[in-house]
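Colleague: Could you take me through the charged side-chain pairs in this one, with a close look at how they sit in the fold? I'd enjoy a connected account rather than a list.

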Amino acid sequence: MNAKKGIYNIVFGILGQALTVVFAIIVPKVIIEYYGSEVNGLLSSISQILVYLGLFEAGVGTASLQALYQPIAEGGKKDINCILSATNKYYKRTSKLYFAALVVFSVIYPFVVKNSLNTFLVMALIFFGGLGNVVNFMYQGKYKILLQAEGKSYIVTNITTIVNVLINVGKIILIIAGFQVLAVQVVFFAFNVLQMALFEIYIHKNYGWIDLSVEPNEAAISQKNSVLIHQISTLVFSNTDVLVLSVFSGLKVVSVYTVYNYIYSTVLNLFNTVNNGLVFYLGQNYHKGKEHFVHIYRVFELDITIFGYYVFTVIGVLTLPFMNLYTKNMTDYNYIDKLLPVLFLTIQLLSIARFASNNLINIAGHFKKTQSRSIAESAINLIVSFLAVYKFGIYGVLIGTIVAMVYRTNDMIIYANHRILQTSVISSYRIMIVNILTAVLCMILFYDKIHWAGSYMLLIGAGIVYGIIILGIFLVVNLICNWNLMKTNFSMVKQLIKRKIAG
């Protein structure tokens, strides 16, 4: 049953993220061509602000998820209800705080960032952009966490995918039809209300036993404040670049950053989806014996690293020829830069390297013990970015991110192995170093070599050819350097096929 859930989570997650990637490519292009780079930069900046406002929710989600794993594995509905009751109580309080903060930011932000747009328009864009999250926190946040803990992330993904498709199709139609940008944000809010209704219907139909009126078990989510510190650090870290550039370099530079970042961040979301689709299995097996868990963990660590490094290497190779086609009609600013794909790729490789260890820290509940390390990462990013942006501009903020990630990725790998698994770190470093060197080799061989791809069809053809070659390189290298874990992968696939045939 767990294998089935994992497969559903991955398949539907990849489908949902594939659609997200498509729209993340199309919608900014339409916005830039119809509204201009400044509006695109503004909308990107607003998105980052709304992520920061999401700090009001941060902590309780992850803490509740970690608390739910054991009672779900044991089938304790009473304990589940008590945890959900506490989660619901916190989310209701969150929605009120979020709404108040949204109003304040809507009023203040237009006077902070330099732009030539109407002040009241900017206020309205922020307000309607964030109003959907008020609905999310009030009604559906707790249900999403329950579904994720049960291994049913595919339900969350499917509902979110349906609503996202409707939102993006609506945006494109309105923009091309000549509507103002405010109408686009209002449509975004309207479909968020639809998403709430879909979650309510599913939960009512399949979880009639849920009772949020029971005594809340607030002790179960007592680590939410420590998780909050982690979330604050993560959000500061993840969104520093856009905010620093919007203040010191202007919205057009923000637009350049976000166009490149759309490519890499949407693909990273694909891995978050795959990760979220499988992490419930790690969480539910964490309490079933160390030797058994370590074996599962090592296989997961290898697979997510190979998959992530392979896909991002292909993306790195294809970024420049894609940008040449994508920005052909964007004439108000120069979007082509040979160094940016390399810097963005470096960030993503470091991010993938910490997926497994970050999962383990969360599952083990080591939030308080690692919060100072998370704060240090954000501090390094902020300091280096602020110092470097004056001299290096957009490169400076990316360098700040890389420096911080080098520190924290190594720290997380060492902590997860030594402090939680109590094993050697050699296996984790072998997996990471082997695949980093493989990615570097592929970039040396293939980067900036697809000058002949003068159309999207030719670029897709090039992507297929280069993708097959790069996949072959990654598989051969890992078969040589990580044979034992690769052999386990083959055994697991063989067993799965046998079960499928027998079933």
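Modeller: Happy to; here is a walk through the salt bridges and their surroundings. Please keep in mind that this is a predicted model. The structure holds 5 salt bridges.

Let's begin in helix α10, which spans residues 290-326. This helix is mostly covered, with 30 of its 37 residues buried. Within α10, R298 pairs with E301, their closest N and O atoms being 3.1 Å apart. The two are 3 residues apart in the helix, so about one helical turn separates them. R298 counts as buried because its relative accessibility is 8%, and E301 is buried too, at 5%. Further along, α10 bends by about 45° at T319, and the proline P321 follows within four residues.

A similar spacing turns up in helix α14 (residues 394-421), where D411 and R408 are 3 residues apart, again about one helical turn. Their salt bridge has its closest N and O atoms at 2.6 Å, and both residues are buried. Salt bridges with shared partners also bring in R373, joining R373, R408 and D411 into one network.

The pair D448 and K338 meets in a salt bridge at 3.2 Å, N to O. D448 lies in the loop between α15 and α16, and K338 in the loop between α10 and α11, so this pair ties together parts that are 110 residues apart in sequence. D448 is partly exposed at 22% relative accessibility, whereas K338, at 53%, counts as exposed.

Note on methods
Residues are numbered from 1 along each chain as its sequence is written. This is a predicted model: local features need pLDDT of at least 70, side-chain atom pairs count only at pLDDT 80 or more; totals for chains, interfaces and linings use all residues. Side-chain values use heavy atoms; hydrogens and water are left out. The bend at a residue is the angle between axes fitted to the seven residues ending there and the seven starting there. Buried means under 20% relative accessible area, exposed over 50%, partly exposed in between (1.4 Å probe, protein chains only). A salt bridge is a side-chain nitrogen of Lys or Arg within 4 Å of a carboxyl oxygen of Asp or Glu.
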